[in-house]
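Let's walk through this structure together, one helix pair at a time. Keep the 3D view open as you read.

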Amino acid sequence: MLLREGTNKRISYLNLGDTIAKAVRIFMDLKIAIIPVLDGKGSLVSIFSRSSLYRAILNGATHQDIVDPYLIKEVISISEDISDEELADFVKVSPVGSVPVVNKEGKVIGLLCKANMVMTLFRHSELLNGQLKAILDSMHNGVIAVDSKGIVTHLNIGASRILGLKSENCLGRGCNKLLPNLDLTPALGKGEVKIGLKHKHGNITMVVNITPLIIGGSIAGGIVIFQDLTDLEQAAKELETVKALNKTFDTVLNIIHDGIIVVDEKGKTALVNQAMADFLALPPKRIIGKHVTEIMADSRLHLVAGSGVSETSDVMTIQGKPIIVSRLPIVREGEVVGAVGKAVFPQLAEVRELADKIRLLENKVTFFQEELQRNKTAQDIMNNIVAESTEMKKLKEEITIVASSSSTVLITGESGTGKEGVAQAVHACSDRWRGPFIKVNCAAIPENLMEAEMFGYVRGAFTGAAQSGKQGRLEIADGGTLFLDEIGDMPLGLQSKLLRVLQDREFERLGSTKSIKVNVRIIAATNKNLNRAISEGQFRADLFYRLNVINLHLPPLRERWEDIKPLTYYFIAKFNTILKGNVKGIADDAMAALLNYSWAGNIRELENVIERAVNYTRSGLIRLTHLPNQILSNSTSESEANVGTIRYQDQIARIERNMIIVALEKAGGNKTKAAKILNLSRSRLYDKLNKYNLKN
């Protein structure tokens, strides 16, 4: 509302009996023209204006006298819910410069200054003028506004385009100069409205409407709106083209021998060709407009229009005759707006043969799509196994080889080396990739629940069992892979049952005597030494031999330092995505610290360290200050104590030198064997021995 913009809320009040000095202080502090005077209940009773102050001074009043004798009793105020139109009229006729604004309870909420209100009305007038100009300029038609004398006051972009004139060259000129022979006298002199006048301007034929502009009962000007008939003629040509296309479409529909019927989104028939009408033995006018099920009781065309799912090469009996039908949704701008049905009437045997060939091709396409998806999924999983070290490259090759087998796999390695990822890769690369991948953590499930979780149970198998029984993980994994993580923690009693599954591929649910056959591949993983567990009587030797058909061993991270750097950058990219970070990489000294750390928690620990670092860094490079204390303290050397950091190249050299020393020790000083351990040529090893002064 205009009142809200023009009201001054920064006011103060007087009460009956207040002094002239208080009024003067309010005038000086707030720079207002009037001060509302309130009674004991806070209601407006009068006002004290600057003229009241002048009268008091002329009457000899001092600043200690009270304001009561000089108050203006006849108070003009306005309500806060006054409309904009009423407010504008009030401002025009009001004899006073400021008035109190009161709410519904009669309380004063501010002062309306006439000067402020005039400026507010002026701003709104400018805004409306700008909006009106934008609206006029957005119109395709030409618009010319004139005053009462026919002088052009506005020319929109459409008028400039149609007339080929510039707006700045037309303002202030008579409209009869721009549109000769166009008589504005009836509108500007008599207030008449002229609609649909045909006017020629050069080579352009226009349709013109002239409307007088009446303000306050007087004609203040007029509006001339005109449209180039060229647009209408083009639209007429396009309409004729559409009519011709419709005629062609109708001819094509009635030439083909297949039956065509179209319904809208509610299933009502919108179109039918002559072939379908003849087959139904009904004239088209008795088909169009009716629901398709009224014409063909078994039709599914309305269902396709509702679901948007195609149905092709379906055999349907209509009028006692079998025909091949296809139903396709009609989609417009992403929305299903109907469906079209096609019926094939020729010899059914030929059509069926053709349909069989099409189905065969569709099956082949589906097969190749599934194979492509399978390869993509397997490739994604294999790409997530970072392998720059010789051991890990060899492991990835082994995964590809053993995936095609159905033999049991045992994955060994310390905690955090990525055993579950290897199990998923074996499953994804196998023929079982479409089947389920079910994980059982043997260390996380309580011993008394383990058997029920693995093998399931029947109704009443034990107290608290579900009334409908429950499938076990083995049964759920049928057709896929069962991954037994931490197999070394499986209870001995359950190990014998698992042994039977491995031998016979069958089991019984808890509380049942009925055997259930399963087609499942077992992949187990452990970070324990199972040979030691066997010797201590904690693991069955026969189960171990059944599980250890194929062994995949994951070396600890400290033994494959070549993977630390690529893993670091892999996790930086991962957590940039998760945490919306913009980390570019890692500083050399920080990378050296990671390479020098022992990584007792392996890849899982490295992942946690990088996640922490990305949280602290957010952008730029990960630096030493972003790494946890245990890594910094572990990587600190004597030189670090003196200078604070160590160069990345020196750190790599130190690690490489230590690896050569370890390899020579394992080879008993035999340099040829040491070169093989390091996967180096003999000459290359001698170069490095010279480089690190290890010739002796």
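A good place to begin is helix 22 (residues 564-579), which packs with helix 23 (residues 588-596) at an angle of about 120°, their axes being 10 Å apart. Axes here are lines fitted to C-alpha atoms, for helices over the stretch in contact, and angles run from 0 to 180 degrees between N-to-C directions. Helices (H or I, at least four residues) and strands (E, at least two) are DSSP runs, numbered from the N terminus. Helix 22 and helix 23 are therefore oblique to each other; angles under 35 degrees count as roughly parallel, over 145 as roughly antiparallel, 65 to 115 as roughly perpendicular and the rest as oblique. Their crossing is right-handed, where right-handed means that the near helix is turned clockwise from the far one by less than a right angle, and left-handed anticlockwise. I564, K565 and T568 of helix 22 make the contact with M591, L594 and L595 of helix 23, contact meaning heavy atoms within 4.5 Å.

A word on the model: it is predicted, local features need pLDDT of at least 70, side-chain atom pairs count only at pLDDT 80 or more, and totals for chains, interfaces and linings use all residues. Residues are numbered from 1 along each chain as its sequence is written, and side-chain values use heavy atoms, with hydrogens and water left out.

Now turn to helix 17 (residues 447-455). With helix 19 (residues 492-504), helix 17 packs at an angle of about 15°, and the axes are 11 Å apart. The two are therefore roughly parallel to each other, and helix 17 passes helix 19 in a left-handed crossing. On the helix 17 side, M450, E451, M454 and F455 meet L494, K497, L498 and V501 of helix 19. The buried residues of helix 17 (under 20% relative accessible area, 1.4 Å probe, protein chains only) are M450, A452, E453, M454 and F455. Just after helix 17, look for G456, which takes a positive phi of about 80°.

Next, find H427 in helix 16 (residues 419-428). Is H427 buried or exposed? H427 is buried, with a relative accessible area of 7%. Leaving aside residues up to four places away in sequence, H427 touches R432, W433, G435, P436, F437, G480 and T481.

Finally, step back to the whole protein chain, which has 29 helices and 28 strands. Of its 696 residues, 40% count as buried.

Terms used:
Buried means under 20% relative accessible area, exposed over 50%, partly exposed in between (1.4 Å probe, protein chains only).
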